[in-house]
Amino acid sequence: LFLAFLQVASIDVLMAAKSSEEVKKHAKLGPDFMTYTWLGINVGQVLSVLFLGPVVATLGARAPYCCAAPLVLVVLWPALGNFMGERPTAPQGWPMVFQQHKVLCRLTLLIGALALFLVVS
């Protein structure tokens with residue numbers, strides 16, 4: 001369940017960044033693009049609720065996870081195919097990443113330590 005939410009959050013952040021980039025490129029289409037995006041999100045949520053009710057009622061509580069498993073793998077296709085049009089950068093070593101992003105690295109370690117503390121206690 002944690003990995004599912006992590007995937008949804010990661011995809012949400014990536015798509016928000018890409019959509020804001022596209023809106024900046026084509027400013028006059030911005031409102032229509034955002035309406036289309038949110039309409040698609042809301043229609044997907046309504047359809048999933050309508051679909052999951054009967055699935056849980058007839059097949060049990062674990063069935064939605066079996067239905068979602070293949071859909072989780074679909075996300076890898078655009079990411080690995082570079083559909084977002086990212087340009088590769090020169091590889092950097094770990095020490096360089098920590099030096100450039102000190103605050104983010106410290107926050108990540110702090111949140112990880114707090115999560116580990118919650119699990120252990």
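## Cysteines

Let's start with Cys66. In this predicted model, Cys66 has 59% relative accessibility, so it counts as exposed, the cut-off for that being over 50%. Is Cys105 buried or exposed? Its relative accessibility is 16%, and because buried means under 20%, Cys105 counts as buried.

How many disulfides does a search of the whole structure find? The count is 0. Cys66, for one, is in no disulfide: the nearest cysteine sulfur belongs to Cys67 and lies 6.9 Å away. A disulfide would need the two sulfur atoms within 2.5 Å.

## Where H2 meets H3

Now for a pair of helices. Helix H2 covers residues 30-59 and helix H3 covers residues 63-74. Their axes come within 8 Å of each other and cross at roughly 125°. That angle makes H2 oblique to H3, because it falls outside the ranges that count as roughly parallel, roughly antiparallel or roughly perpendicular.

Which residues do the meeting? On the H2 side they are Phe51, Leu52, Val55, Val56 and Leu59. On the H3 side they are Ala63, Pro64 and Cys67. Sort this contact by class and you get 8 nonpolar residues, with no polar and no charged ones. Cys67 has turned up before, as the owner of the cysteine sulfur nearest to that of Cys66.

## Pro95 in helix H5

Further along the chain, Pro95 sits in helix H5, which takes in residues 94-100. Is Pro95 buried or exposed? With 58% relative accessibility, Pro95 counts as exposed, since the mark to pass is 50%.

Val56, one of the H2 residues that meet H3, makes a handy reference point for Pro95. The two are 39 residues apart along the chain, and their C-alpha atoms are separated by 48 Å.

## The whole protein

Step back, and what does the secondary structure come to? There are 6 helices and 0 strands. Reading along the sequence gives the pattern α-α-α-α-α-α.

As for overall dimensions, the C-alpha trace spans about 55 × 55 × 25 Å along its principal axes. The protein has a radius of gyration of 19 Å, whereas a compact globule of 121 residues would have one near 14 Å. Of those 121 residues, 7% count as buried. Cys105, at 16% relative accessibility, is one that counts as buried, while Cys66 and Pro95 both count as exposed.

Note on methods. Residues numbered from 1 in each chain as written. Predicted model: local features only at pLDDT ≥ 70, side-chain atom pairs only at ≥ 80, totals over all residues. Heavy atoms only, no water. Helix = DSSP H or I, 4+ residues; strand = E, 2+ residues; numbered from the N terminus. Buried < 20%, exposed > 50% of the residue type's maximum accessible area, 1.4 Å probe, protein only. Axes fitted to C-alpha atoms, helices over the stretch in contact; angles between N-to-C directions. Parallel < 35°, antiparallel > 145°, perpendicular 65-115°, else oblique. Contact = heavy atoms within 4.5 Å. Nonpolar A, V, L, I, M, F, W, Y, C, P; charged D, E, K, R; others polar. Rg over C-alpha atoms; globule rule 2.2 N^0.38 Å.
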